[in-house]
Amino acid sequence: MPPYGQLPFGPLRPPGRPGQVVGAAVLAFVQGALVLIASFYVWFFASIAGIAIEENPTGAPTQAYELAEMGTTLTIVQVLSVVLLVVGGILALTRRVRLSWLVLVGAHAVQLLLTVYWAVRLQEILGRVEELGGVLAVFALFFAAFPLVALGLALFGPGRRWFTAPQG
């Protein structure tokens, strides 16, 4: 038994990575997986719209032309945002520098911008159907939830201090 006042487990270690940083990084990985799956769906439906247009160019609705035209571009943008999310998550877990924080926050901010874009776009395309109004709102909130929580974790309190505090 060590004498009074001594620690039985050896010298104290510096404080570890806060849970807020780990949480924001994990949410980046989860959001990246969700967006990657959604990107493949966009690409799939854009391909189907393109095939439908080739089969019957005059019979396809305007929305099919828009989706076929923008589908591949949107898929590429979304896959690039997935790469940004994964890089931001890895940097947040491995490096304690301001760049890591900026990439992580930027990746989640890009996700929010993409969510707003899709909410507006889907409202334009499908908004004429009254039954879909609430579904579109829930769909947008689903894709905005993880980035909003991750931004809250990374921008405030221990999450921000971890990256911005002087190290020494």
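**Close-up views of a five-helix predicted model**

Ile90 lies in helix 2, and this first view is centred on that residue in a model that is predicted.

**View 1. Ile90 of helix 2 and its distance to Leu104.** Ile90 counts as partly exposed, because its relative accessibility is 44%, a value that falls between the limits of 20% for buried and 50% for exposed residues. Between Ile90 and Leu104 there are 9.0 Å from C-alpha to C-alpha, although the two residues stand 14 apart in sequence. Leu104 is also one of the residues with the most contacts inside the largest nonpolar core.

**View 2. The protein chain as a whole, with its helices and its confidence values.** The protein chain contains 5 helices and 0 strands, and its order along the sequence is therefore written as α-α-α-α-α, with every element a helix. Of the contacts in the protein chain with a separation of 6 or more, 76% join residues that are 24 or more positions apart. The protein chain has 168 residues, of which 32% are buried, and its accessible surface amounts to about 10,500 Å², with carbon and sulfur atoms contributing 72% of that area. The mean pLDDT of the protein chain is 85, with 86% of its residues at 70 or more; among the elements, helix 1 has the highest mean (92) and helix 4 the lowest (86).

**View 3. The largest nonpolar core, with Ala154 as one of its most connected members.** This core has 18 residues, and those with the most contacts inside it are Ala92, Leu104, Ala154 and Phe163. At least two residues of the core come from each of helix 1, helix 2 (62–94), helix 3 (98–126), helix 4 (133–155) and helix 5 (158–164). Leaving aside residues up to four places away in sequence, Ala154 touches Ala24, Trp101, Leu104, Val105, Gly159 and Arg160. A second core, separate from this one, has 5 residues, including Leu74, Trp118, Leu122 and Leu136.

**View 4. His108 of helix 3 and the residues in contact with it.** His108 is found in helix 3 and counts as buried because its relative accessibility is 1%, where the limit for a buried residue is under 20%. When residues up to four places away in sequence are not counted, the contacts of His108 are with Ala24, Leu27, Ala28, Leu85, Pro147, Ala150 and Leu151. Ala24 appears in this list and also among the residues that Ala154 touches in the preceding view.

**View 5. Gln78 of helix 2 beside Val35.** Gln78 belongs to helix 2, and its relative accessibility of 5% is the reason why it counts as buried. Although 43 residues separate Gln78 and Val35 in sequence, their C-alpha atoms are 6.8 Å apart in space. Not counting residues up to four places away in sequence, Gln78 touches Val35, Ala38, Ser39, Val42, Leu114 and Trp118; Trp118 is also included in the second, separate core.

**View 6. Thr115 of helix 3 and Phe139 of helix 4.** Thr115 is placed in helix 3 and counts as buried because its relative accessibility is 9%, while its contacts, apart from those with residues up to four places away in sequence, are with Ala140, Phe143 and Ala144. Phe139, by contrast, lies in helix 4 and counts as partly exposed because its relative accessibility is 40%. The distance from Phe139 to Trp118 is 9.4 Å, C-alpha to C-alpha, and the two residues are 21 apart in sequence.

**View 7. A nonpolar patch on the surface, with Ile48 as one of its members.** Ile37, Tyr41, Phe44, Phe45, Ile48 and Ile51 together make a nonpolar surface patch of about 610 Å². Within this group, Ile48 has its place in helix 1 (residues 19–55). Ile48 is partly exposed because its relative accessible area is 41%, which means that Ile48 is above the 30% that a residue of such a patch must exceed.

Note on methods
Residues are numbered from 1 along each chain as its sequence is written. This is a predicted model: local features need pLDDT of at least 70, side-chain atom pairs count only at pLDDT 80 or more; totals for chains, interfaces and linings use all residues. Side-chain values use heavy atoms; hydrogens and water are left out. Patches are made of residues with over 30% relative accessible area and no salt bridge: like charges are joined within 9 Å, nonpolar side chains (Val, Leu, Ile, Met, Phe, Trp, Tyr) within 5 Å. Accessible areas come from the Shrake-Rupley method with a 1.4 Å probe; for residues, only the protein chains shown count as cover. A salt bridge is a side-chain nitrogen of Lys or Arg within 4 Å of a carboxyl oxygen of Asp or Glu. Helices (H or I, at least four residues) and strands (E, at least two) are DSSP runs, numbered from the N terminus. Buried means under 20% relative accessible area, exposed over 50%, partly exposed in between (1.4 Å probe, protein chains only). Contact means heavy atoms within 4.5 Å. A nonpolar core is a set of buried Ala, Val, Leu, Ile, Met, Phe, Trp, Tyr and Cys residues joined through side-chain atoms within 4.5 Å. pLDDT is the predictor's confidence in each residue, from 0 to 100.
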